[in-house]
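Hello,

Here is the structure I promised to pass on to you. Have a look at it first, and then read on for what turned up.

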Amino acid sequence: MSSGPSVRALQGELKKIHQDPIEGVVINLVDESNFFEWDVGVFGAPGTLYEGGYFKAHLSFPQDYPYSPPNFRFLTKMWHPNIYESGEVCISILHPPIDDPQSGELPQERWNPTQNVRTILLSVISLLNEPNTFSPANVDASVMFRRWRESKGKDKEYEQIIKKQVSKSRTDAEKEGIVIPTTVEEYCIKSKPESQSSENFMDLTDDWYEDFDAYDDDNDEECFDNSDDSGNEDS
């Protein structure tokens, strides 16, 4: 197994996420011998349009991570102002750190090596619930969302589409034996990877990168803490 700096960084991040999971998220390696491809499951937060849903996604990391950002793509069909038809999320934190005046983004709003999987996923969760309609990836969804928001929910077209997608995702989750949290208390119980038992997983990560300490997280995010505003930057 490769032990280059990118692999060691990803090993460390995976271990830390297992030790301190992200609320509403489950993560597994696609292949336990390949740290560059991760499967992600995002649960819809209670009290939001996505409540009761389970949305599959994929994280693909470049060989020079963390100097270049990963690609985050939803595999579940998503109707959202900031998600392309391909499932890719349009969010500043995932854009390469280049100076592009045409994009409307400042360089500091883009990816930098201090970011990590945790900040990406928190930004994506924030974006789901608080779309940025100023630079949409899906113009029709953006217009529809604005109508729903400005009518204070009386225009239900956007809401109905999301509810249909949530319902379908719930059916798919049931087929896979995924238990979806339905209350705030259940949502805030931090989920752990499903593919291995905790004991076996920790033994493996300890063997992979026993001395990892370079990518320590300073943030202990509370459940539903939306202080990270990366999801609301122009995309």
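Let me start with Phe-74: setting aside residues within four places of it in sequence, its contacts are Val-42, Phe-55, Lys-56, Ala-57, Ile-83, Ser-86, Gly-87, Val-89, Val-124 and Leu-128. Please keep in mind that this is a predicted model.

**The core**

Phe-74 also belongs to a bigger picture. The largest nonpolar core has 50 residues, and Phe-74 is among those with the most contacts inside it, together with Ile-27, Trp-38, Phe-72 and Val-117. At least two residues of this core come from each of the helices H1 (5-19), H2 (117-129), H3 and H4, and likewise from each of the strands E1, E2, E3 (54-60) and E4 (71-74). Which element gives the most to this core? That is H2, with 8 residues. As background, nonpolar side chains tend to be buried together in soluble globular proteins.

**The hairpin**

Next, the strands E1 and E2. They form a hairpin, with 2 residues between them. The two run antiparallel, and 6 bridges join E1 to E2 (residues 34-43). Within this pairing, Leu-29 stands opposite Trp-38 of E2. Strand E1 (residues 25-31) has 5 of its 7 residues buried, so the rest of the structure largely encloses it.

**Aromatic rings**

Trp-38 comes up once more here, as it forms one aromatic cluster with Phe-61, Tyr-65 and Trp-111. A search of the whole structure finds 9 aromatic pairs. One of them is formed by Tyr-50 and Phe-55, which meet edge-to-face with 5.6 Å centre to centre and 85° between the planes. Are these two rings buried or exposed? Tyr-50 is buried, at a relative accessible area of 4%, and Phe-55 is buried too, at 1%.

Phe-145 and Tyr-158 make another edge-to-face pair, at 5.3 Å centre to centre and with 70° between the planes. This pair links distant parts of the chain, 13 residues apart: Phe-145 lies in helix H3 (residues 139-150) and Tyr-158 in helix H4 (residues 157-175). Phe-145 is buried, with 6% relative accessible area, and Tyr-158 counts as buried at 1%.

There is also a charge over a ring: the charged end of Arg-146 sits over Phe-134, 5.6 Å from the centre of the ring.

**Pro-81**

You may like to follow Pro-81 from here. This residue is found in the loop between E4 and H2. Its relative accessibility is 0%, so Pro-81 counts as buried. What does Pro-81 touch, beyond residues up to four places away in sequence? The list includes both rings of the pair just described, Phe-145 and Tyr-158, and it also holds Pro-131, Asn-132, Pro-136, Ala-137, Asn-138, Ala-141 and Ser-142. As for Glu-130, its C-alpha atom is 9.8 Å from that of Pro-81, although the two residues are 49 residues apart along the chain.

**Salt bridges**

Finally, the charged side chains. The structure holds 6 salt bridges. Side chains of opposite charge can pair when their charged atoms come close. Arg-147, Asp-155 and Glu-157 are linked in a network of such bridges. In this network, the closest N and O atoms of Arg-147 and Asp-155 are 3.3 Å apart, while those of Glu-157 and Arg-147 are 2.7 Å apart. Glu-157 lies in helix H4 and Arg-147 in helix H3, so their bridge ties together parts that are 10 residues apart in sequence. As for accessibility, Arg-147 is partly exposed at 35%, Asp-155 is partly exposed at 25%, and Glu-157 is partly exposed at 37%.

A further salt bridge joins Glu-159 to Lys-163, with 3.0 Å between the closest N and O atoms. These two are 4 residues apart in helix H4, so about one helical turn separates them. Are the partners buried or partly exposed? Glu-159 counts as buried at 14% relative accessibility, whereas Lys-163 is partly exposed, with a relative accessible area of 48%.

Happy to talk any of this over.

Best wishes

Definitions and conventions: Residues are numbered from 1 along each chain as its sequence is written. This is a predicted model: local features need pLDDT of at least 70, side-chain atom pairs count only at pLDDT 80 or more; totals for chains, interfaces and linings use all residues. Side-chain values use heavy atoms; hydrogens and water are left out. Rings of Phe, Tyr and Trp (its six-membered ring) pair if their centres lie within 6.5 Å; planes under 30 degrees apart count as stacked, over 60 as edge-to-face and the rest as tilted. Buried means under 20% relative accessible area, exposed over 50%, partly exposed in between (1.4 Å probe, protein chains only). A charge sits over a ring if NZ of Lys or CZ of Arg is within 6 Å of the ring centre and within 35 degrees of the ring normal. Two strands pair if DSSP finds at least two bridges between them. A nonpolar core is a set of buried Ala, Val, Leu, Ile, Met, Phe, Trp, Tyr and Cys residues joined through side-chain atoms within 4.5 Å. Contact means heavy atoms within 4.5 Å. A salt bridge is a side-chain nitrogen of Lys or Arg within 4 Å of a carboxyl oxygen of Asp or Glu.
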